[in-house]
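Open the structure in your viewer and keep the selection panel at hand. The tour below says what to select next and what is there.

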Amino acid sequence: MFSRKTFLVHPEDEKILGIARELSTQLSYYKQDIRSVTWVDKIGLRRAPASFLLIMQHSLQLSVAAMGKLTPEEWRPIIASLLAYQKNMNREYLKAFLPLFAAGLLEPVILIPIVKYTDLPLSFVFLDIAIGLIFIVVIMALFLSLRLQKRMWFKADDRAAALVGKGLLISSLTKLAAIDSSPMRGQGLIRPNLQQRIQHLSA
C-alpha cells in the first residue's frame, strides 16, 4: 500500500470518492455534492474513532484511525448507510421530535383552565398534580424521541443492506469495531454503537 504523502490524491481515496458518488446516484441523494475525501485525526479535543464518518462542506470525512484498514469496497456499505441516513435526516428528525412538540403543546392546554376556572385553594392542588403529570409526559416524550433518533440509524442500515448486501455491511461494521477501541461517548443513546448496529442487522 502506497503512502498517501506520495500522491496529491491517493488512488484509494479516488476509489472511495467514486463509490460515494455512485451511491449518491443510486440513492437519488444529490443534496451533497461530494468532491473530496478528508481523513480526520480529531473531533474537537478527542481523537476521532475509527467509526467516525461525516459529510461536510462537500467532503467525505473519515477517521485517520481507519485509514488503510478497510478497502474501498469495504467502505461502500458504510458510506451507503451514511448517505441513506442523511437523505431522510430532516424528515426523520421531525418525526423524532414530534412527541416533544406534542408535550409542549399539552402544557398550556392543561394549566390555563386550572388557573382560570378553578377556585383558588383547589387550583394549587390541581396545579401541582398537573405539573407533575406534565413532567412525566415530557420525560416519556424525551425518551421516545431518543429512541426514534436511534432508530433512524437502524433504518439507514436496513436501506444500505438492501442496496449493497447485509453480509457486506455486517462485515465492514465488524472490521471497524475491531479497530475502534474507543467509540465516541454518547453512542448507544441517540446513535447506536457499532455492536448495536451489528446486532440489529443480525437479528
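**The hairpin of strands 4 and 5**

Start by selecting L53 and L62: L62, in strand 5, is the bridge partner of L53. The model you are looking at is a predicted one. Next select L54 and find its bridge partner, Q61, also in strand 5. Now show the whole of strand 4 and strand 5 (residues 59–63): four bridges join the two strands, which run antiparallel. In general, strands of a sheet pair through backbone hydrogen bonds, either parallel or antiparallel.

Turn on the side chains of strand 4. Which of them are buried? L53 and I55 point to one face and are buried, while L54 and M56 point to the other face and are not buried. The side chains thus named alternate along strand 4.

**The turn between the two strands**

Move to the loop between strand 4 and strand 5, where Q57 is found. H58 lies in that loop as well. The hairpin of strand 4 and strand 5 has two residues between the strands. Select Q57 and look at its backbone: phi is near 50°, a positive value in a residue other than glycine. H58 also has a positive phi, near 65°, and is likewise a residue other than glycine. As a general rule, most residues other than glycine have a negative phi.

Is Q57 buried or exposed? With a relative accessibility of 71%, Q57 counts as exposed, because the cut-off for exposed is over 50%. H58 has a relative accessible area of 30% and is partly exposed.

**The sheet**

Widen the selection to the sheet. Three strands form an open sheet in the order 1-5-4, and the pairing is mixed. Strand 1 (36–40) and strand 4 (53–56) are the edge strands, each pairing on one side only. From one strand to the next, the twist averages 25°.

Which helices lie across these strands? Helix 1 lies across strand 1 and strand 5, and runs at about 115° to strand 1. Helix 2 lies across strand 1, strand 4 and strand 5, and runs at about 55° to strand 4.

**A stop in helix 1**

Select helix 1 (residues 11–26) and pick out G18, which lies in this helix. G18 is partly exposed, with a relative accessible area of 33%. Then add I34 to the selection and draw a distance between the two C-alpha atoms. G18 and I34 are 16 residues apart in sequence, and their C-alpha atoms are 9.3 Å apart in space.

**Where helix 2 meets helix 5**

Select helix 2 (residues 72–87) together with helix 5 (residues 166–179). The two helices pack at an angle of about 100°, and their axes are 9 Å apart. That angle makes helix 2 roughly perpendicular to helix 5, because angles of 65 to 115 degrees count as roughly perpendicular. Which residues make the contact? From helix 2, show E74, W75, P77 and I78. From helix 5, show L168, L169, S172, L173, K175 and L176. Colour these residues by class: the contact of helix 2 with helix 5 has seven nonpolar residues, one polar residue and two charged residues.

**A residue in helix 4**

Go on to helix 4 (residues 120–164) and select D157, which lies in this helix. Is D157 buried or exposed? D157 is buried, with a relative accessible area of 0%. To see what surrounds D157, leave aside its neighbours within four places in sequence; D157 is then in contact with S81, L169, R197 and L201. One of these, L169, has already been selected as part of the contact between helix 2 and helix 5.

**The whole chain**

Finally, clear the selection and colour the chain by secondary structure. How many helices and strands are there? The chain has six helices and five strands. Read along the sequence, they follow the pattern α-β-β-β-β-β-α-α-α-α-α.

Switch to a surface view. The accessible surface of the chain comes to about 12,000 Å², and 64% of that belongs to carbon and sulfur atoms. The chain has 203 residues, of which 39% count as buried. For contacts between residues at least 6 apart in sequence, 67% join residues at least 24 apart.

Key: Residues numbered from 1 in each chain as written. Predicted model: local features only at pLDDT ≥ 70, side-chain atom pairs only at ≥ 80, totals over all residues. Heavy atoms only, no water. Axes fitted to C-alpha atoms, helices over the stretch in contact; angles between N-to-C directions. Parallel < 35°, antiparallel > 145°, perpendicular 65-115°, else oblique. Contact = heavy atoms within 4.5 Å. Nonpolar A, V, L, I, M, F, W, Y, C, P; charged D, E, K, R; others polar. Buried < 20%, exposed > 50% of the residue type's maximum accessible area, 1.4 Å probe, protein only. Pairing = 2+ DSSP bridges. Areas by Shrake-Rupley, 256 points an atom, 1.4 Å probe, with all protein chains shown as cover.
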